[in-house]
Amino acid sequence: MGARELVTAVRHLETGTLVGHTVLMVFDAVPAAAFQDDTLVLRRHRGHRLGTVLKAANLLRLYEQLPDVQRIWTWNAVENRHILDINEALGFRPVGVSGQWQKVLRR
Ligand SMILES: CC(C)(COP(=O)(O)OP(=O)(O)OC[C@H]1O[C@@H](n2cnc3c(N)ncnc32)[C@H](O)[C@@H]1OP(=O)(O)O)[C@@H](O)C(=O)NCCC(=O)NCCS
């Protein structure tokens, strides 16, 4: 895809288990823009700031490793208050909305 990915993960020291990760992508064709991909913290480890720390650490790596990036795009469901809290705290601002429709098919 001509893309570079920055992945940051967090390990639970007692068990050695990876319990969260976050991914940023930068495409060679658009070097000024980064795109936020998945962020996930395992359910039993949520609420301890791991999501915030993961995203902040990955943003610092982006500044260091890909200094041409000027903007980061991300998308969130409006009901996902947890990730919206994190993104707002890190300085992301809403610039647009998109609507999606679903039809449930019953047999
Ligand atoms: C979103 C997600 C990554 C947050 O991870 P986390 O480590 O729990 O996040 P943090 O501890 O940094 O919490 C950030 C804020 O979210 C809210 N929050 C997090 N966990 C919460 C919980 N269990 N109950 C209520 N609020 C919660 C809080 O507002 C918190 O800020 P505060 O402590 O100042 O009030 C995690 O919930 C997750 O993996 N969700 C499923 C995947 C997902 O939706 N990913 C995002 C879209 S890709």
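## A tour of the H1/H2 crossing

H1 and H2 cross with a right-handed sense. Keep in mind as you click around that this is a predicted model.

**Stop 1: the two helices.** Select residues 50-65 for helix H1 and residues 81-89 for helix H2. Look at how they pack: the axes sit 10 Å apart and the angle is about 45°. That angle makes H1 oblique to H2, since oblique covers what is left once the roughly parallel, perpendicular and antiparallel ranges are taken out.

**Stop 2: the contact itself.** Now show side chains. On the H1 side, pick Gly51, Thr52 and Lys55; on the H2 side, pick Ile83, Ile86 and Asn87, which they meet. Colour these by class and you get 2 nonpolar, 3 polar and 1 charged residues in the contact.

**Stop 3: the whole chain.** Zoom out and switch to cartoon. How many helices and strands does the protein chain have? There are 2 helices and 4 strands. Trace the protein chain along the sequence and the order reads β-β-β-α-β-α.

**Stop 4: extent and contacts.** Align the view to the principal axes, and the C-alpha atoms fill a box of roughly 50 × 40 × 30 Å. If you build a contact map, keep pairs at least 6 apart in sequence: 50% of those contacts join residues at least 24 apart.

**Stop 5: the surface.** Finally, turn on the accessible surface of the protein chain, which comes to about 8500 Å², with 54% of it belonging to carbon and sulfur atoms. Colour by burial too: 25% of the 107 residues count as buried, the cut-off being under 20% relative accessible area.

Note on methods
Residues numbered from 1 in each chain as written. Predicted model: local features only at pLDDT ≥ 70, side-chain atom pairs only at ≥ 80, totals over all residues. Heavy atoms only, no water. Axes fitted to C-alpha atoms, helices over the stretch in contact; angles between N-to-C directions. Parallel < 35°, antiparallel > 145°, perpendicular 65-115°, else oblique. Left-handed = near helix turned anticlockwise from the far one by under 90°. Contact = heavy atoms within 4.5 Å. Nonpolar A, V, L, I, M, F, W, Y, C, P; charged D, E, K, R; others polar. Buried < 20%, exposed > 50% of the residue type's maximum accessible area, 1.4 Å probe, protein only. Areas by Shrake-Rupley, 256 points an atom, 1.4 Å probe, with all protein chains shown as cover.
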